[in-house]
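Biologist: Could you take a close look with me at one part of this model? I am new to this, so please go step by step.

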Amino acid sequence: MSAETPSAIGAVEGAAYGPDNPAPYIEPPRKRTGRTPRSTRGNFEMAAWLFMRLSGVVLVVLVIGHLLIQLVLDGGVSKIGFAFVAGRWANPFWQVWDLLMLWLAMLHGANGLRTVINDYAERPNTRLWLKGLLYTATVFTILLGTLVIFTFDPNIR
Amino acid sequence: MATPTMDKVEAEAVSSPYITVTFRIRRFNPEISDAAVWEDFQIEIDPKERVLDGLHKIKWDVDGSLTFRRSCAHGICGSDAMRINGKNRLACKTLIKDINPDKPITIEAIKGLTVLKDLVVDMEPFFQAYRDVMPFLVTKGNEPTRERLQSAEDRERFDDTTKCILCAACTSSCPVFWNDGQYFGPAAIVNAHRFIFDSRDEAGEQRLEILNDKDGVWRCRTTFNCTDACPRGIEVTKAIQEVKRALITRRF
Ligand code: HEM
Ligand code: SF4
Ligand code: FES
């Protein structure tokens, strides 16, 4: 301790902190003040919270079923090929299954990442850009996936 | 067989309750340096004494510049919440013998609030969140001429959350609050809960609406840090979930 007293550090770096020139405080991120805005977005946060739980329950069935069919039953992963996919999407049931799984997983995952950004990104600009990127990627993936499920052509060559 | 003097010394050593304990304290003084440093203090202390007694020994006998808040010294005022061995506790309610005195005891300021000096933090953002949930009785109509009566069951409904002493141990243990000070934090929600579930109060709806906000209860991730930290044994996480449930069930 004695080898590196706070004053010794100050002297080495040349920053002369003293009673008249105190070091800056380290403020917590986004701290609450009297000017923090009151109620803003209605029930959106509650809807998002509920959606996470409800979609989670449905996803358990969809995802476990999906993994069983794709990876375990009937020869496992080695059976997957163009013909296997074409065969399943010929049936509207599996089309709806995959569509539902796509939408729910994407919205669930995107909303989960939105929470993560809210929790970890401090500066308003970082938040804006990360969320912009997230929403763009989500919309793109959902639209592309939906398009493929509905316009899939088994005779393509 | 041994010399009598030896026996006497040994007997004294056994009967003395004092042990040597190392206090490793995170010091910060903006008038000296912008860097916070750990400083070790060796003190003789009875393990049945409290961490606060150790801090007093240091401040009164070793280094008077050590800065911390305390007022009642008996777990009532909520001044001396600090991070002891990595866990938020009241220094005045933590016995030395309960936190393994064989190893250095680390003591630092609570997290997520501006450290002003040593163990003293700026509590203003914490109290701002508290004020924002309207922690006072709100009623309509004329004031009654007698006290507002309430059944024992109605009182029991929010008994747990009346015990809060606003020490900030819970709020400053919450990882969501560490990274985003806009979150109301557990303590503000506990104190809103105390009025939302009070049968005499009439502003429950208003408080629920405040906590329905984007920085309200929905940011809680149920990590249970707050329940673990509360020196009053309040089931903080449970109180937050009860507010969530009230928000979901009140209209549907
Ligand atoms: C298998 C069934 C699933 C269930 C039961 C489930 C359930 C949940 C729940 C309840 C939350 C909210 C946690 C909180 O608020 O603290 C959550 C968060 C999250 N989920 Fe899922 N989920 C499932 C599948 C998925 C899938 C397939 C994805 C990816 C597309 C995903 C990505 C996420 C992410 C990124 C979060 C946010 C992480 C966090 O809050 O820490 N989940 N999940
Ligand atoms: S709920 Fe417990 S930990 Fe939180 S401020 Fe109140 S007394 Fe302190
Ligand atoms: S000094 Fe009052 S609660 Fe510890």
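Biologist: In which helix of chain A is the place of A:His108? Please start there and then walk me through the surroundings of ligand 1.

Modeller: Happy to! Keep in mind that this is a predicted model. A:His108 sits in helix H4 of chain A, a helix that spans residues 92-120. Its NE2 atom is 1.9 Å from the iron atom of ligand 1, and A:His108 is the only protein donor of that iron. A polar side-chain atom of A:His108 also lies 2.8 Å from a nitrogen atom of the ligand.

Now let's step back to the whole shell. Ligand 1 lies between chains A and B. The residues around the ligand on the chain A side are A:Met52, A:Arg53, A:Gly56, A:Leu59, A:Val60, A:Ala105, A:His108, A:Gly109 and A:Gly112, while chain B supplies B:Arg221. Helix H4 is joined by helix H2 (44-72) of chain A, and each of the two gives at least two residues to this shell. H2 of chain A gives the most, with five residues.

Next, look at the two arginines. A polar side-chain atom of A:Arg53 is 2.7 Å from an oxygen atom of ligand 1. From the other chain, a side-chain N or O atom of B:Arg221 comes to 2.6 Å from an oxygen atom of the ligand.

Finally, sort the shell by class: four residues are nonpolar, four are polar and two are charged. The two charged ones are A:Arg53 and B:Arg221, while A:His108, the iron's protein donor, counts among the polar ones.

Technical notes. Residues are numbered from 1 along each chain as its sequence is written. Chains are lettered from A and ligands numbered from 1 in the order in which they are written. This is a predicted model: local features need pLDDT of at least 70, side-chain atom pairs count only at pLDDT 80 or more; totals for chains, interfaces and linings use all residues. Side-chain values use heavy atoms; hydrogens and water are left out. A residue is near a molecule or strand if one of its heavy atoms lies within 4 Å of it. A polar contact is a pair of N or O atoms within 3.5 Å; within protein, one must be able to donate a hydrogen and the other to accept it, and residues adjacent in sequence count only if both atoms are side-chain atoms. Helices (H or I, at least four residues) and strands (E, at least two) are DSSP runs, numbered from the N terminus. Donors are N, O and S atoms within 2.8 Å of the metal (3.2 Å for Na, K and Ca); water is not among the atoms, so sites may look incomplete.
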